[in-house]
Amino acid sequence: HIGNTRNYNEDRVSIILNILRPDCFIGQNWPNCSFFAIYDGHSGSGCANFLRDNLHLYIINNEFFPENPCEAIRRGFEEAENIFLSNYAVEKSFGLVDRSGSCAIVLMTIDDVVYVANVGDSRAIISREGGAKRSRITVDHKPDELNEKKRIEDNGGSVYQ
């Protein structure tokens with residue numbers, strides 16, 4: 001246990017077993033896609049709610065999907081961040097109104113290939129041989145490095161605990 005104890009949950013989960021072809025898709029074949037995500041909400045659940053409801057849509061509606069899933073996932077995260085910050089976190093006349101944020105771990109299957117992505121300190125591991133062998137498959141993004149802490153603070157954020 002690290003951090004503050006609270007009696008509410010800011011985390012959200014997304015499980016979509018069969019992503020349907022979006023209207024904007026023009027290609028011949030739509031792959032069999034599933035999407036799983038855990039959003040670790042911070043300072044409220046607004047951002048985690050937004051990601052739960054929208055991140056998968058930004059990924060599958062991206063011009064790189066499904067031919068280049070890695071780029072589509074990366075750009076989907078970027079688009080989600082930009083839209084949340086410009087449309088939900090900030091009210092033009094009042095300034096910052098939603099200070100929430102979220103780490104995320106995403107697993108997406110496209111036909112028989114699995115893609116895993118993370119933002120923040122959300123971590124994925126793979127377990128084999130009944131749990132006897134475990135391997136980390138993501139790298140935590142933490143503000144331990146001076147450059148990352150400076151980037152966060154230069155963009156109006158803060159690092160604590």
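**Exercise 1. Contacts of Asn-118**

Which residues is Asn-118 in contact with, leaving aside its neighbours within four places in sequence?

*Solution.* The model is predicted, so treat each step as a reading of a prediction.

Step 1. Place the residue. Asn-118 sits in strand β6.

Step 2. List the partners. Asn-118 is in contact with Ala-104, Ile-105, Thr-138, Val-139, Asp-140 and His-141, with neighbours within four places left out.

Step 3. Check the burial. The relative accessible area of Asn-118 is 12%. Buried means under 20%. Asn-118 is therefore buried.

Step 4. Look at the side chain's polar atoms. One of them lies 3.0 Å from the backbone oxygen of Ser-122. The Asn-118 side chain also reaches the backbone oxygen of Val-139, at 3.0 Å.

**Exercise 2. The residue before Asn-118**

Describe the setting of Ala-117 in β6, then relate it to Val-139.

*Solution.*

Step 1. Locate Ala-117. It belongs to strand β6, residues 113-119.

Step 2. Assess exposure. With a relative accessible area of 16%, Ala-117 is buried.

Step 3. Collect the contacts. Beyond residues up to four places away in sequence, Ala-117 touches Ile-73, Phe-77, Ala-104, Ile-105 and Val-106.

Step 4. Take the distance to Val-139. The C-alpha atoms of Ala-117 and Val-139 are 9.3 Å apart. Along the chain, 22 residues separate the pair.

**Exercise 3. Building the sheet**

In what order do the 4 strands of the open sheet stand?

*Solution.*

Step 1. Start with β1 and β2. Strand β1 covers residues 12-16 and strand β2 residues 33-42. They pair in the antiparallel sense over 5 bridges. Val-13 stands opposite Ile-38 in β2. Ser-14 stands opposite Ala-37 in β2.

Step 2. Add β5. Strand β5 spans residues 101-110 and pairs with β2, again in the antiparallel sense, over 10 bridges. Here Tyr-39 has Ala-104 in β5 as its bridge partner.

Step 3. Write the order. The 4 strands run β1-β2-β5-β6 in an open sheet with antiparallel pairing.

Step 4. Find the edges. β1 and β6 each have a single partner strand, so one side of each lacks a neighbour in the sheet.

Step 5. Give the turn between neighbours. Neighbouring strands are turned by 5° against each other on average, direction ignored.

**Exercise 4. Helices on the sheet and the core**

Which strands does α1 lie across, and which does α2 lie across?

*Solution.*

Step 1. Take α1. It lies across β1, β2 and β5, at about 150° to β2.

Step 2. Take α2. It lies across β5 and β6, at about 30° to β6.

Step 3. Turn to the core. The largest nonpolar core has 27 residues. Those with the most contacts inside it are Phe-35, Tyr-39, Leu-55, Ile-59, Phe-65 and Met-108.

Step 4. Assign the core to elements. Two or more residues come from each of β2, α1 (46-60), α2 (69-87) and β5. α1 gives the most, with 8 residues.

Step 5. Follow one core residue outward. Tyr-39 contacts, among others, Ala-48, Leu-51, Arg-52 and Leu-55. The list for Tyr-39 also includes Ser-102, Cys-103 and Ala-104.

**Exercise 5. An acidic residue and two cysteines**

Is Glu-10 buried or exposed?

*Solution.*

Step 1. Place Glu-10. It is found in the segment before β1.

Step 2. Read the accessibility. Glu-10 has 6% relative accessibility and therefore counts as buried.

Step 3. Map the surroundings. Not counting residues up to four places away in sequence, Glu-10 touches Tyr-39, Gly-41, His-42, Ser-43, Gly-44, Ser-45 and Ala-48.

Step 4. Find a polar partner. A polar atom of the Glu-10 side chain lies 3.4 Å from the backbone nitrogen of Ser-43.

Step 5. Contrast the cysteines. Cys-33 has 0% relative accessibility and counts as buried. Cys-24 has 47% and counts as partly exposed. The structure holds 0 disulfides.

**Exercise 6. The whole chain**

How many helices and strands does the chain have?

*Solution.*

Step 1. Count the elements. There are 3 helices and 8 strands.

Step 2. Order them. From the N terminus on, the pattern is β-β-α-α-β-β-β-β-β-β-α.

Step 3. Gauge burial. Of the 161 residues in the chain, 34% are buried.

Step 4. Gauge contact range. Take the contacts with a separation of 6 or more: residues 24 or more positions apart account for 48% of them.

Terms used. Residues numbered from 1 in each chain as written. Predicted model: local features only at pLDDT ≥ 70, side-chain atom pairs only at ≥ 80, totals over all residues. Heavy atoms only, no water. Pairing = 2+ DSSP bridges. Buried < 20%, exposed > 50% of the residue type's maximum accessible area, 1.4 Å probe, protein only. Polar contact = N/O pair within 3.5 Å; in protein donor to acceptor, adjacent residues only side chain to side chain. Contact = heavy atoms within 4.5 Å. Disulfide = S-S within 2.5 Å. Core = buried A, V, L, I, M, F, W, Y, C linked by side-chain atoms within 4.5 Å. Axes fitted to C-alpha atoms, helices over the stretch in contact; angles between N-to-C directions.
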